[in-house]
Each structure stands twice: as structure tokens, then as C-alpha cells.
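Subject: Structure for you to look at

Hello,

Here is the structure we spoke about, with the sequence alongside. My notes follow below it.

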Amino acid sequence: EGPSSLSGSVVTASDQTFNDSVSLEGNVSLEAGGSITLGGSIDGGHDLTVNASGVTSFGGNVGLVAPLGNLTTDAGGSSVLSAEHLSVSGTVLFGDRLTLGGATTLSAHSVRLGDGIAGAGHDLTVNTTEAVSINGSWSGLGSLTSEGPALLSGTMTTASGQVYNGSVDLDADVVLEAGGNITLGGSIDGGHDLTVNTSGVASCAGSVGFVAALGNLTTDAGGS
């Protein structure tokens with residue numbers, strides 16, 4: 001129930017619950033046959049790996065005081081992120097489906113989301129120096145802002161706007177659907193189809209298909 005200082009591996013047959021803050025004193029691996037609940041803040045310049053067959057819940061800020069090295073969750077189970085800020089110096093990898101429990105900013109060298117996001121109406125901002133890699137569908141987001149390069153596949157759906165300030169590479173056919181504006185501020189490349197559906201303004205500031213020609217480019221009749 002109190003603050004925890006962790007290093008090494010913690011393995012349980014069922015659940016793990018950390019209701020208070022967690023400090024990483026070394027690289028940490030949490031493995032559970034049930035759910036893992038991290039209710040408080042998590043800090044420390046080390047790697048955190050979370051493997052759970054149930055739900056992994058992050059209730060507090062991650063790396064806000066001392067950014068983590070890398071954060072990894074496995075492909076089993078699912079994850080819920082309610083933190084306002086998640087910051088690592090290396091890579092954030094959610095191997096499982098991620099649900100947002102509130103508006104969230106992810107800051108990292110690179111971000112990989114292996115099974116997409118259920119936004120639950122919340123806003124997501126991603127700040128990276130390398131690529132944001134998005135696999136699977138993104139649905140239910142309020143808004144989406146990507147400040148670094150993005151590698152996209154699948155469908156990205158938001159209630160309001162989408163902003164991609166870095167370059168966009170298509171790793172497969174991509175559909176962008178927004179109830180507001182869609183802003184593509186950098187170049188767009190990749191030999192796949194891009195469909196842009198918005199009730200607002202769709203704008204492209206960079207070159208499209210200059211390095212790798214797109215398959216097809218389609219915008220809907222709504223918006224401009």
C-alpha cells in the first residue's frame with residue numbers, strides 16, 4: 001500500500017497491485033497470471049517490462065519526474081493508460097490493445113502500438129524523435145496529434161481533428177477519419193492507398209509520393 005522501490009523480476013500466479021508510487025532501482029520485469037495495477041506514479045531511468053494475461057492499468061504519471069528507459073507490455077491481455085504524461089528516453093511498446101482512461105501525452109524516442117488504441121473519447125498527443133508505428137485500428141479518440149515521423153497502417157478515427165506534423169509513411173492501406181480538420185504537415189510516402197474523410201479541412205503541406213508513390217489517394221465529398 002505504500003511507495004515501492006523495485007529491481008529485478010516480480011512473478012505472481014494471479015494479480016499484482018501497486019497502489020502507491022513505484023521507483024525503478026534497476027530494470028524491472030512484472031509478470032502476472034492475472035492483472036497488474038500500477039495506481040501511482042512510476043519513475044526511474046531503467047526499463048520496465050509488464051507481462052500480464054489480464055489487464056495492465058497505469059493510473060499515475062509515468063516518467064514525469066525521472067523518465068524511464070524503455071516501457072514494454074506483451075501481446076497478451078490489454079492495457080489501460082490513465083496517466084496524463086508518459087515519458088521514456090527510449091521506446092514505448094504496447095504489444096497489446098491500449099485503452100485511454102484520460103487525455104494522454106506520450107514522449108519517447110519511438111512509440112510502437114502493436115494492436116491500436118481505443119480512445120474512449122480522450123485526446124492523444126505523441127512526441128517522438130523517431131517513428132510512431134501504428135498497427136491496428138485507432139478508434140474513439142477525441143483528437144490525435146503526432147509531432148514526429150509516423151508509420152501508419154489501418155484506420156485512425158477521431159471525433160475532432162488529426163494533426164501529423166512529421167512525415168507519414170504508409171505501411172499498409174490507411175484510412176483517416178475525423179470530425180474536424182486533418183493536417184498533414186510533412187511528406188507522405190508509401191506504395192499503399194490513403195483515404196482521408198473529414199467534415200473539416202484536409203490539408204497537405206509536404207510532398208505526396210515523391211520518394212515512394214502512393215497507390216490511390218481519396219478524399220470524401222464532405223469538408224474541403
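I start with a polar contact: the side chain of Thr-198 reaches the backbone oxygen of Gly-180 at 2.2 Å. Please keep in mind that this is a predicted model, and the distance is computed from its atoms.

The side chain of Thr-198 has a second polar contact to report, since one of its polar atoms lies 2.9 Å from the backbone nitrogen of Gly-200. Thr-198 belongs to strand S25, residues 194–198. With a relative accessibility of 4%, Thr-198 counts as buried, because the limit for buried is under 20%. Leaving out residues up to four places away in sequence, Thr-198 touches Ala-178, Gly-180, Asn-181 and Ile-182, and also Asp-220, Gly-222 and Gly-223. Gly-180 therefore appears both in this list and as the residue whose backbone oxygen the threonine side chain reaches.

Next, the sheet. Seven strands form an open sheet with parallel pairing, in the order S10-S13-S16-S19-S21-S23-S26. Its edge strands are S10 (85–87) and S26 (202–204), each of which pairs on one side only. On average, neighbouring strands of this sheet are turned by 5° against each other, direction ignored. At the S10 end, three bridges join S10 to strand S13 (residues 104–108), and the two run parallel. Leu-86 has Leu-106 in S13 as its bridge partner.

The aromatic side chains are quickly covered, as the structure holds one aromatic pair. The ring centres of Phe-58 and Phe-94 are 6.2 Å apart and the ring planes stand at 90°, so the pair is edge-to-face. Phe-58 lies in strand S7 (residues 55–58) and Phe-94 in strand S11 (residues 91–94), so the pair ties together parts 36 residues apart in sequence. Both rings belong to buried residues: Phe-58 has a relative accessible area of 1%, and Phe-94 is at 0% relative accessibility.

One backbone angle deserves a look. Ala-120 has a phi near 55°, which is a positive value in a residue other than glycine. Ala-120 sits in the loop between strand S15 (117–118) and strand S16 (124–128), and S16 is one of the strands of the open sheet described above. At 54% relative accessibility Ala-120 counts as exposed, because the limit for exposed is over 50%.

Regards

Key:
Residues numbered from 1 in each chain as written. Predicted model: local features only at pLDDT ≥ 70, side-chain atom pairs only at ≥ 80, totals over all residues. Heavy atoms only, no water. Pairing = 2+ DSSP bridges. Helix = DSSP H or I, 4+ residues; strand = E, 2+ residues; numbered from the N terminus. Axes fitted to C-alpha atoms, helices over the stretch in contact; angles between N-to-C directions. Phe/Tyr/Trp six-rings, centres within 6.5 Å; stacked < 30°, edge-to-face > 60°. Buried < 20%, exposed > 50% of the residue type's maximum accessible area, 1.4 Å probe, protein only. Polar contact = N/O pair within 3.5 Å; in protein donor to acceptor, adjacent residues only side chain to side chain. Contact = heavy atoms within 4.5 Å.
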